[in-house]
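Visitor: I would like to learn how to read pockets, cavities and a ligand site. Please take me through them one at a time.

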Amino acid sequence: MQKELWIVANWKSNKTIIEALEWVSIVGPNLQIRENIKIVVCPTFNCLTELNKEIQTHNYPVALGSQDLSPFGIGAFTGEEAAELLKDLIGFSIIGHSERRTNFSETDDMVTKKVQQAKEHEIIPLVCVQGPDVPVPEGCNIVAYEPVWAIGTGTPDTPENAQKVAAEVKSRIPNINVLYGGSVTSENCVSFIKQPDISGLLIGKASLDMEEFLKIVENCGTV
Ligand code: PGA
């Protein structure tokens, strides 16, 4: 049986609603994927409603995720996006990305609270770990190993080292799925997903480009 693969696009703070709709209207109908491959797109919050409508209307094989969510529930938390309010739009949420840890002082404790909020509202948390020893909150069954120095630099980790880290995480937390992220492209994607303990990819820059993203999905489908 082929292993389950996750291909997750992290658009970060990019794309207007019009650009996001254009992306999904071109990528959506061109995705020829096997059942074992799941495609998740994580746009900015302001694109979620429109993208959700577009995906539902055309039944594209794409799930929506957010790039973060609030560590709190609904209420007096100005500027926050509560899981309870997002749950009708998303099935996933990236949590604890290194850019949030660095630029927004996000701590392991906040990551744990966000994971709890996600789980309470049936959103799958995709926790980013920057190395094998980063704590993974209880109840997570999918993480992305993303070494900070590999993000947006054009210098990915080696598939062998990513495999080693994935195996270490898996030995600590049974039944966890480990994705790799950091400078993934259509040229190197296959070398990562071929590794026995890597279950997919978290893709930043290369996911913004429709053709490049389609190529990544197509190449992953050959494994
Ligand atoms: P990158 O980003 O693919 O642009 O390196 C990955 C990420 O930050 O999730």
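Guide: Start with the terms. On a 1 Å grid over the protein atoms alone, a pocket is an open set of points with protein on both sides within 12 Å along at least five of seven lines. A cavity is a set of points where a 1.4 Å probe fits but cannot get out. Lining residues have an atom within 4 Å of a point. The model is predicted: local features need pLDDT of at least 70, side-chain atom pairs need pLDDT 80 or more, and totals for chains, interfaces and linings use all residues. Numbering runs from 1 along each chain as its sequence is written, and side-chain values use heavy atoms, without hydrogens or water.

Visitor: Which residues lie nearest the centre of the largest pocket?

Guide: Lys12, Ser13, Gln67, Arg100 and Phe104, out of 14 lining residues. The space in this pocket is about 330 Å³. Such a volume is the space filled by probe spheres set on the points, which are joined across faces, edges and corners.

Visitor: Which helix gives the largest share of that pocket's lining?

Guide: Helices (H or I, at least four residues) and strands (E, at least two) are DSSP runs, numbered from the N terminus. Here helix H4, residues 98-103, supplies the largest share, 3 residues.

Visitor: How do the residues of this lining divide by class?

Guide: Ala, Val, Leu, Ile, Met, Phe, Trp, Tyr, Cys and Pro count as nonpolar; Asp, Glu, Lys and Arg are charged; the others, Gly among them, are polar. The largest pocket has 4 nonpolar, 6 polar and 4 charged lining residues.

Visitor: What is the volume of the second largest pocket?

Guide: About 280 Å³. Its lining has 21 residues, and Gly152, Ser183, Gly204, Lys205 and Ala206 are the closest to its centre. Helix H8 (205-208) gives the most, 3 residues. Strand E8 (200-203) also supplies at least two.

Visitor: Where does the ligand sit?

Guide: A molecule sits in a pocket or cavity if more than half of its atoms lie within 2 Å of its grid points. The ligand takes the space of the second largest pocket.

Visitor: Which residues come nearest the ligand?

Guide: Near means a heavy atom within 4 Å. There are 13 residues around the ligand, and Lys12, His97, Glu146, Gly152 and Ser183 come nearest.

Visitor: What polar contacts should I look for?

Guide: Look for pairs of N or O atoms within 3.5 Å. A polar side-chain atom of Lys12 lies 2.7 Å from a ligand oxygen. For Asn10, the side-chain distance to a ligand oxygen is 3.4 Å. Gly152 uses a backbone N or O atom, 2.7 Å from a ligand oxygen. The protein buries 98% of the 280 Å² that the ligand exposes when taken alone, by the Shrake-Rupley method with a 1.4 Å probe.

Visitor: How many cavities of 30 Å³ or more are there?

Guide: Rolling a probe the size of a water molecule over the atoms shows where empty space is left. The count is 1 cavity, with about 40 Å³ of space. Strand E4 (92-95) gives the most to its lining, 3 residues. By class, that lining has 8 nonpolar, 1 polar and no charged residues. Trp6, Val8 and Phe92 are among them.

Notes: Polar contact = N/O pair within 3.5 Å; in protein donor to acceptor, adjacent residues only side chain to side chain.
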